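Here are some friendly notes to read alongside the model. Keep the 3D view open and look up each residue as you go.

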Amino acid sequence: MHVLVLYNQPLLEANQADAAAEHGVLDAVRAAQQALVRHGHSVRSLALRPPGLELAQSLAACPAEVVLNLCEGFGPSGDGEAHIAGLLELLGIPFTGSRLPCLALVRDKTRTKLLLRAAGLPTPDFHLAEPGCALPSSLPEQVPKPWLAKPACVDASQGISQYSVTCDVGELQRLVACLQRQYGPVLVEHYVDGREFNVSVLAMPEPRVLPLAEIEFAESLPWKIVSYAAKWEPSASEYQQTPVRC
């Protein structure tokens, strides 16, 4: 089979904040190419950059039977991830992964939580702090402490550290203001202490759950969260304290 591995060309310099999360796609590309070739497929790769017209022209110049879509958007915010899936749909190109509606939804954490609640599924109490808006005085009644503050519209644990959880209102206000300046809207949630699992599901054509992977939190960690350092910085102590057991 002729497979096109599609991914976003990293735009951030290596020394910029959140660069490791963006450059992580290159590891996925290399692993995918090796696996596909090992199984006898013909493989090409294409690194995408904005703007949109050039994206469509690049795709048209690289015909394939199927696209392995590893495109995660462009720049620090990851904008464009859902649009790439939509472009593939419009061009009628078969591709792996989720479609535009799903990718657009999961990048909006607040809307996702509202839909979960509407479906009767539990999710921690929360408050959305828009840029320029201070936290309401009623927050402690609305969202029980401890509080976890994180960017509302980015992924890859960007903006999350062990300092993202607090029981102090003043500290929370300073944290939210800092995140708003860098990332925009901030989600303030009730912190839930517990286990964390990664669950992958393949539709082939019926949904099939792959073996689970649990993130093991060391007892020495103040809070059981997967911070940016734990996810992207191998030299960080948090990285060593959050191994994944498959």
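1. The chain holds 9 helices and 12 strands; both kinds of element are DSSP runs numbered from the N terminus, with at least four residues (H or I) for a helix and at least two (E) for a strand. Its radius of gyration is 20 Å, close to the 18 Å that the globule rule gives for 246 residues, so the chain is as compact as a globular protein of that length. That radius is taken over C-alpha atoms, and the globule rule is 2.2 Å times the number of residues to the power 0.38. Along the principal axes, the C-alpha atoms fill a box of roughly 55 × 40 × 40 Å.

2. A word on what you are looking at: this is a predicted model, in which local features need pLDDT of at least 70 and side-chain atom pairs count only at pLDDT 80 or more, while totals for chains, interfaces and linings use all residues. Residues are numbered from 1 along each chain as its sequence is written, and side-chain values use heavy atoms, with hydrogens and water left out.

3. How much of the chain is buried? Of the 246 residues, 39% count as buried. Here buried means under 20% relative accessible area, exposed means over 50%, and partly exposed lies in between (1.4 Å probe, protein chains only). Contacts, meaning heavy atoms within 4.5 Å, also reach along the sequence: among those with a separation of 6 or more, 61% join residues 24 or more positions apart.

4. Now find the open sheet of 4 strands, whose order is β4-β7-β5-β6 with antiparallel pairing. Two strands count as paired if DSSP finds at least two bridges between them. The edges are β4 (126-129) and β6 (165-166), each of which pairs on one side only. Strands of a sheet pair through backbone hydrogen bonds, either parallel or antiparallel.

5. Strand β7 (residues 186-190) is a good one to trace. It joins β4 in the antiparallel sense over 4 bridges, and it runs antiparallel to β5 with 5 bridges. On the β4 side, Leu 128 has Leu 187 of β7 as its bridge partner, and Phe 126 stands opposite Glu 189. Pro 151 stands opposite Val 186 in β7. Why is β7 described as largely enclosed by the rest of the structure? Because 4 of the 5 residues of β7 are buried.

6. Two helices are worth viewing with this sheet. Helix α7 (residues 169-183) lies across β4, β5, β6 and β7, running at about 10° to β5. Such angles run from 0 to 180 degrees between N-to-C directions, and the axes are lines fitted to C-alpha atoms, for helices over the stretch in contact. For the other helix, return to the β4 and β7 pair with its 4 bridges. Helix α5 (residues 109-118) packs on the sheet, touching β4, β5 (147-151) and β7, and its direction makes about 150° with that of β4.

7. Next, the nonpolar cores: sets of buried Ala, Val, Leu, Ile, Met, Phe, Trp, Tyr and Cys residues joined through side-chain atoms within 4.5 Å. The largest has 18 residues, and Leu 6, Leu 46, Leu 48, Leu 59, Val 67, Ile 84 and Leu 88 have the most contacts inside it. At least two residues each come from β1 (2-8), β2, α2 (52-60) and α3 (81-91), with α3 giving the most, 5 residues. Apart from this core lies another, of 14 residues, among them Leu 135, Leu 172, Leu 175 and Val 176.

8. Ser 42 belongs to strand β2 (residues 42-48). At 35% relative accessibility, Ser 42 is partly exposed. Beyond its neighbours within four places in sequence, Ser 42 is in contact with Met 1, His 2 and Val 3.

9. Glu 81, in helix α3, is buried, with a relative accessible area of 15%. Leaving out residues up to four places away in sequence, Glu 81 touches Cys 71, Glu 72, Gly 73, Leu 103, Arg 107 and Asp 155.

10. How many disulfides does the structure hold? There are 0, where a disulfide is a pair of cysteine sulfur atoms within 2.5 Å. The sulfur of Cys 102 lies 15 Å from the closest cysteine sulfur, in Cys 71, which is too far for a bond. Cys 167 is in no disulfide either, and the nearest cysteine sulfur, that of Cys 178, is 19 Å away.
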